[in-house]
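Here is a short report on one protein model. Take a look at the structure before reading on.

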Amino acid sequence: PNPTSKLLWWQAAPENGFWQIHNAQGQLMQRGYWSANGVDVAQWPAGLYYLSGYRANGEKVLQKAWVKE
């Protein structure tokens, strides 16, 4: 997984829909809409996280693991 320490960015996001980030224990850390280009994770604890992306109809289109340093 790609490491980051401050910002988690994405590029090819669906026009509509939303994203969610969960920690390794399954706890929802944050959610938002694809209109944003990224999320500030600087204050989050170090660890493994999962970004899930969804279209507006709820269809999951992305599941990526990443590491907060």
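## Fold

The protein has seven strands and zero helices. Along the sequence, the pattern reads β-β-β-β-β-β-β. The model is predicted.

## Size and surface

The radius of gyration is 11 Å. A compact globule of 69 residues would have a value near 11 Å, so the protein agrees with that expectation. Along the principal axes, the C-alpha atoms fill a box of roughly 30 × 20 × 20 Å.

About 4,600 Å² of the protein is exposed. Carbon and sulfur atoms supply 48% of that area. Of the 69 residues, 30% are buried. The protein carries 6 positive and 4 negative charges, and their mean positions lie 5 Å apart.

How much of the contact set joins residues at least 24 apart? Among contacts between residues at least 6 apart in sequence, the share is 52%.

## Nonpolar core

The largest nonpolar core holds 11 residues. Its members are Leu8, Trp10, Trp19, Ile21, Trp34, Val39, Val41, Trp44, Tyr49, Leu51 and Trp66. Strands S3 and S6 (47-54) each supply at least two residues of this core. In soluble globular proteins, nonpolar side chains tend to be buried together.

Leu51 is one of the core residues. Leaving aside neighbours within four places in sequence, Leu51 is in contact with Trp10, Trp19, Ile21 and Trp66, among others. Those four also belong to the core. The contacts of Leu51 further include Gln20, Leu62, Gln63 and Lys64.

## Glutamine 20

Gln20 sits in strand S3, which covers residues 18-23. Is this residue buried or exposed? Gln20 has a relative accessible area of 12%, so it counts as buried, the cut-off being under 20%.

Beyond four places in sequence, Gln20 is in contact with Leu28, Gln30, Arg31, Tyr50, Leu51, Ser52 and Tyr54. Among them, Leu51 is a core member and Ser52 lies in strand S6.

## Serine 52

Ser52 belongs to strand S6. Its relative accessibility is 4%, and therefore Ser52 is buried. With neighbours within four places left aside, Ser52 is in contact with Phe18, Trp19, Gln20, Lys60, Leu62 and Gln63. Leu62 and Gln63 are also in contact with Leu51.

How are Ser52 and Arg31 placed, being 21 residues apart along the chain? Their C-alpha atoms are separated by 9.4 Å. Gln20 is in contact with both Arg31 and Ser52.

Terms used
Residues numbered from 1 in each chain as written. Predicted model: local features only at pLDDT ≥ 70, side-chain atom pairs only at ≥ 80, totals over all residues. Heavy atoms only, no water. Helix = DSSP H or I, 4+ residues; strand = E, 2+ residues; numbered from the N terminus. Buried < 20%, exposed > 50% of the residue type's maximum accessible area, 1.4 Å probe, protein only. Contact = heavy atoms within 4.5 Å. Rg over C-alpha atoms; globule rule 2.2 N^0.38 Å. Areas by Shrake-Rupley, 256 points an atom, 1.4 Å probe, with all protein chains shown as cover. Lys, Arg positive; Asp, Glu negative; His and termini not counted. Charge placed at Lys NZ, Arg CZ, Asp CG, Glu CD. Core = buried A, V, L, I, M, F, W, Y, C linked by side-chain atoms within 4.5 Å.
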